[in-house]
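User: Please take a close look at one part of this structure, a place where two helices pack. After that, connect it to the rest in plain terms.

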There are 4 protein chains.
Amino acid sequence: MKASETAIILIEFQNDFCNPEGKLFALVQNELARNQTIIHAKKLLDEARRKGCQIIHCPFTLDKKWIEANHSVGILEGLYDNDIFSPGNWGHQIIDELAPWENEIVLEGKRGLSAFSHTNLAQILHFRKIKNVIIAGFLTNICVQATAWSAYDLGYNVRLIPEACCAASQEIQDYVETQICPTLGGALTVEELISALN
Amino acid sequence: MKASETAIILIEFQNDFCNPEGKLFALVQNELARNQTIIHAKKLLDEARRKGCQIIHCPFTLDKKWIEANHSVGILEGLYDNDIFSPGNWGHQIIDELAPWENEIVLEGKRGLSAFSHTNLAQILHFRKIKNVIIAGFLTNICVQATAWSAYDLGYNVRLIPEACCAASQEIQDYVETQICPTLGGALTVEELISALN
Amino acid sequence: MKASETAIILIEFQNDFCNPEGKLFALVQNELARNQTIIHAKKLLDEARRKGCQIIHCPFTLDKKWIEANHSVGILEGLYDNDIFSPGNWGHQIIDELAPWENEIVLEGKRGLSAFSHTNLAQILHFRKIKNVIIAGFLTNICVQATAWSAYDLGYNVRLIPEACCAASQEIQDYVETQICPTLGGALTVEELISALN
Amino acid sequence: MKASETAIILIEFQNDFCNPEGKLFALVQNELARNQTIIHAKKLLDEARRKGCQIIHCPFTLDKKWIEANHSVGILEGLYDNDIFSPGNWGHQIIDELAPWENEIVLEGKRGLSAFSHTNLAQILHFRKIKNVIIAGFLTNICVQATAWSAYDLGYNVRLIPEACCAASQEIQDYVETQICPTLGGALTVEELISALN
């Protein structure tokens, strides 16, 4: 894989998920510790920057106008009620360990499960001549998987980095690794990715 | 739920999946028998037609020009190599039990996991003023789930009918029912759906 | 037309176009004066607010990361070179006369000719159950027309308000009014629109 | 321009437009003769095939189910009433002079002004690694221009071939050539295109 044709998609490494004070921390706390998600994500980001990959940070954004208009039920409804990922709030911010650099893209307006929904991510990948889409973040079996499938349907070479992802339980994490990753072409560790990049 | 605002999305009830002579039958044979998928899907279709729902049949379509252009890996790659879901072939046809009626939509060009990818399904739902998207078919944890997530991100009220779906194993089917359906707002049996429609 | 099902799309009423100090003012100065665009747009906005229409402000946004990635030529290239519509700048701001109210949508990320390109405008219209799309702004024959065509292709009832639009010359303005508006179903004056709304 | 990265988009060279027995022939008859559209389009196609460009034929398709669902007004409404471009009909067929070859793409489902609306054209261009989008066909100021703008917004290098296009009058054709083509980066004759390709 050429680094310049490889995008690293980092999904929802925000305080509300990653920080002990965050509103969704309790949901992922055990798996964050077991999987060492943040440590692996930091290593992924450091190495990908050094190799020259294109880094795309994808925070989830919630705003009142959207809530008003979009009568969603299900998983996103809970976020609306609790002011989670609300722009301007501390909980919405990307964690210090993975803070975006000046020249990196911070995707605007991710408000769906897939980072491609309602955003210009498809155009960003197209314009930057990306071929490989590498995904890490939260939750492994929801937004990470939904984003991976969208990228797959768009014809990209897609790989998850499970050790830099996090789900609500080990059982769920294992399910994605064993049942979903193979359908995308396989998963990679950070080490394996870095070795494969040139 | 108003029947006129409810779309029944039937995914890949094609000979290659459903018929003992089909090229993917072996993959789903056990679960088809255990879950009674076809019987439930037939009941779903019969009742939904009677109520006046909008029926949308979504066959998967493979063609050589697309293969040539789209260098996919992963789950779809295997289909390319084996001439599965190839238009004009018997394996591509929707099974007789669920054959589309004249006035029903047969979605053109489903070539991705999500039925929304590369098709005009979003416009069809929009133009027909659909609010509720009910999904059944194959595979529960791949195309059915990917389509459900796309519909969810587009703001629809989405429900799976697990007893009219089919996965490659009971474990996978159970995973979707317990871990994914709740995030969409819950699942329904055919009976529950029909009672809810007016 | 029901006001609640009617969106007023205001395109690029920003200082760079409308204010004598703006970087593109010279291009439209004569037509702004002749057509009384701002006065008509102000009346359109006031009346549409009073009727309860849904107001969507669509500023054009230029940023360096996008320039870097998108090697466009043509009309947008000139903007890149001259730091026009650059976010954070005075030239990017919507003019005081038409300043958005708290509850109104300000579309994020319009970077193409059509306000639908790379934005979530399609979802906003869908979620808000819009049927009628009313468009005013700059330039009549470029972004206004491109946005109108996208909305038409999405199945909306589309109307331009030519007296609240502005082109680079009367000849061009006349062309759109006589050759393009009829293909969309006709144009409206502000008065005609307000009479038609209930 | 590399030929392999160049797509030739041929819009609506169908009997209903091009043939004296076609239902829309009267609309374009004079300009077809003056501009020698078909002769230029044939030369464009012959040379582009010889050079190895990727050819994409884009017929307009009308069907009853779409009409039923899509309550369009304006220019497309007239087509619905008159059974123009109806699939299976002679009027829908691409003219013999420009008949698609086996390995060329015939776009499915163009039902809007832009060939990108409701079709997978964006994915086709992306998968085939296209950089240059060359457009010819009908009508210069409607479907050709709408398609050109969509391609421009997607970041392609877009060129119209005006001598292989056709509008309803010379005045309209001249407007597109003088006012729109420069905003896209200029127009080309068939000769100029062929010289530029390698």
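Analyst: The answer starts with a helix pair and then turns to cysteines, single residues and the relation between chains.

This is a predicted model, in which local features need pLDDT of at least 70 and side-chain atom pairs count only at pLDDT 80 or more, while totals for chains, interfaces and linings use all residues. Residues are numbered from 1 along each chain as its sequence is written, chains are lettered from A and ligands numbered from 1 in the order in which they are written, and side-chain values use heavy atoms, leaving out hydrogens and water.

In chain D, helix α7 covers residues 140-153 and helix α8 covers residues 170-184. Helices (H or I, at least four residues) and strands (E, at least two) are DSSP runs, numbered from the N terminus. The axes of α7(D) and α8(D) are 11 Å apart and form an angle of about 5°. The two helices are therefore roughly parallel. Angles under 35 degrees count as roughly parallel, over 145 as roughly antiparallel, 65 to 115 as roughly perpendicular and the rest as oblique. Axes here are lines fitted to C-alpha atoms, for helices over the stretch in contact, and angles run from 0 to 180 degrees between N-to-C directions.

From α7(D), the contact uses D:Thr140, D:Asn141, D:Gln145, D:Ala148, D:Trp149 and D:Tyr152. From α8(D), D:Ile172, D:Gln173, D:Val176, D:Ile180, D:Thr183 and D:Leu184 take part. Contact means heavy atoms within 4.5 Å. Sorted by class, seven of these residues are nonpolar, five are polar and none is charged. Ala, Val, Leu, Ile, Met, Phe, Trp, Tyr, Cys and Pro count as nonpolar, Asp, Glu, Lys and Arg as charged, and the others, Gly among them, as polar.

Cysteines come next. D:Cys143 is buried, because its relative accessible area is 7%. Buried means under 20% relative accessible area, exposed over 50%, and partly exposed in between (1.4 Å probe, protein chains only). The closest cysteine sulfur to that of D:Cys143 is in D:Cys58, 10 Å away, too far for a bond. In chain A, the sulfur of A:Cys58 is likewise 10 Å from its closest cysteine sulfur, in A:Cys143, and A:Cys58 is buried at 1% relative accessibility. Over all chains there are zero disulfides, a disulfide being a pair of cysteine sulfur atoms within 2.5 Å.

Some single residues follow. D:Glu5 sits in the segment before β1 (6-11) of chain D and is buried at 18% relative accessibility. Leaving aside residues up to four places away in sequence, D:Glu5 touches D:Lys129, D:Ile130, D:Lys131 and D:Asn132. In chain B, B:Glu12 lies in the loop between β1 (6-11) and α1 (15-18). Its phi is near 60°, a positive value in a residue other than glycine, and B:Glu12 is buried at 3% relative accessible area.

The last topic is how the chains are related. Chain C is superposed on chain B by a rotation of 180° with 0.0 Å of shift along its axis (RMSD 0.0 Å). That is the relation of a two-fold axis. Copies are superposed by least squares on the C-alpha atoms of residues with pLDDT of at least 70 in both. In chain C, C:His126 comes closest to the axis, at 3.6 Å (C-alpha). The copies meet through the same surface, because 100% of the interface residues of chain C are also interface residues in chain B.
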